[in-house]
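Dear colleague,

Please find the structure below, handed over for your records. My findings follow it.

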Amino acid sequence: RAKTEARGSLRYFTPSLQEAAQTRAKLASALPAAMREGQIFLLYQPLIDLQSEAVIGCEALARWKHPELGMVSPVQFIAVAEETGLIGELGLYILHRAIRDFAGAIPDAGSKNLTLSVNLSFGQFAESEFVDSIRGALDATGFPPERLELELTETMLALEPERASETTRALSALGCKLAIDDFGTGYSSLAQLRHFSVDYLKIDRSFVVDLEGGEGPQAVVRAAIAMAHSLGMAIIAEGVETLEQAEFLRSAGAEVVQGYLYGKPMPIEDFAAMAGEIAKPLAGYRPTHSASRRL
Ligand code: C2E
Ligand code: MG
Ligand code: MG
Ligand code: MG
C-alpha cells in the first residue's frame, strides 16, 4: 500500500519502489484533467534584496493536490510530465497561470519594480517551438518581458551547448531575464557558463546549509560569487533559513536571497501584501536541519 509521510504541516505522497511505476502511470493519466480542473496551482516565494531588504519579486512553485494521493511533490510530477511527453503542455499551463496570478494580484508590479520567476524544465527547453511559446505567452498576456525571469538548470545548458546558447540569446532578445537554478549541483563550471547570456546565478540551498561548516564551505561560496560577478551575473542564494546565513551572504556580496527566513511559498494574495515592502525575517525561526520543512 502507498504510504504517506508527514513533512512539516503538509503530507507528501511517497510511493514505495514497487509502487513507483504504478504511481507514475496513475499520475500521468490524471495530469491532463488535473490541469483542467485546477488541481495544479502555484505558490509564490518572496525574493529579498540584501541591501535594501525590500521584497523584489517571487518564484512560482507548482503544487498538485491529487484527490486521492494528496499533495504530490513538484519534483515527482514534473518528472512524470517529462517522461510522458506532457511537459510542454504543463510548462505552458504553469507559465500562463503564473503570469495571470501575478499580474492580477499586483497590477502595479512595474512601478514597484517586481519580478516573477518561473522554473523551466528540460523537455520544455528542448522543444523547437520553445522560444515561440514564451513569446506567445508574453504577447497573449501583454506581460512586460523584463518582469519575467526564467530559471534554467546547468543540465539544460550543458547537453547541447550550442543550441542552448542560441536559445538563451533568443530569450534575452525577448527582454526576459535568465537565471541558472540550483547552481553547483550539476556538472558545469562557471567557465562554461560564460557562453550563455544569463543574468542571475542561483546558488543551491545545499551550499547555504553548508555555510555553518566554517571557512572551507564559506570560501567555496565566496569564490562562486566572485566568479559570477566577474562574468556579469548577480547572485540569488536559495534556502536561506537563518540570519547568520543572510549576514554572511550580504558580507560576501550576494545581491538577493530567498528562503524560509523571509517566507515560505505562499498564495499570490499573501505575496502581494508583502511585495515592495521591507522584509521582516521570521522572528524566532528555528531551522530543523531535516528535509521535513519543505512546504
Ligand atoms: P527550485 O526551483 O530550486 O525551488 C526551490 C525549492 O526549495 C522549493 O521547493 C522551495 O519550496 C524550497 N525552499 C525554498 N526556501 C527554502 C528553505 O529555506 N528551506 C528549505 N528546506 N527549502 C526551501 P519545491 O517547491 O518543493 O520545489 C522543488 C523543485 O521542483 C524546484 O526546485 C524545481 O526544481 C521544481 N519545480 C517546482 N515548481 C516547478 C515548476 O513550476 N516548473 C518546473 N519545471 N519545476 C518546478
Ligand atoms: Mg527554481
Ligand atoms: Mg533552485
Ligand atoms: Mg534548489
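How far apart are the magnesium ion (ligand 2) and the magnesium ion (ligand 3), and which residue coordinates both? The two ions are 3.6 Å apart, and the shared residue is D181. This is a predicted model, in which local features need pLDDT of at least 70 and side-chain atom pairs count only at pLDDT 80 or more, while totals for chains, interfaces and linings use all residues. Residues are numbered from 1 along each chain as its sequence is written, chains are lettered from A and ligands numbered from 1 in the order in which they are written, and side-chain values use heavy atoms, with hydrogens and water left out.

The magnesium ion (ligand 2) is coordinated at 2.0 to 2.2 Å by E59 (OE), N119 (OD1), E151 (OE) and D181 (OD). Donors are N, O and S atoms within 2.8 Å of the metal (3.2 Å for Na, K and Ca); water is not among the atoms, so sites may look incomplete. The donor residues follow the spacing E-x59-N-x31-E-x29-D in sequence. E151 and D181 are both buried (under 20% relative accessible area, with exposed over 50% and partly exposed in between, for a 1.4 Å probe and protein chains only).

Turning to the helices, α5 (residues 130–141) and α7 (residues 161–174) pack at about 15 degrees, with their axes 10 Å apart. They are therefore roughly parallel (angles under 35 degrees). In their contact (heavy atoms within 4.5 Å), F130, V131, I134, R135 and L138 of α5 meet T167, A170, L171 and L174 of α7.

Yours sincerely

Conventions. Axes are lines fitted to C-alpha atoms, for helices over the stretch in contact, and angles run from 0 to 180 degrees between N-to-C directions. Helices (H or I, at least four residues) and strands (E, at least two) are DSSP runs, numbered from the N terminus. Angles under 35 degrees count as roughly parallel, over 145 as roughly antiparallel, 65 to 115 as roughly perpendicular and the rest as oblique.
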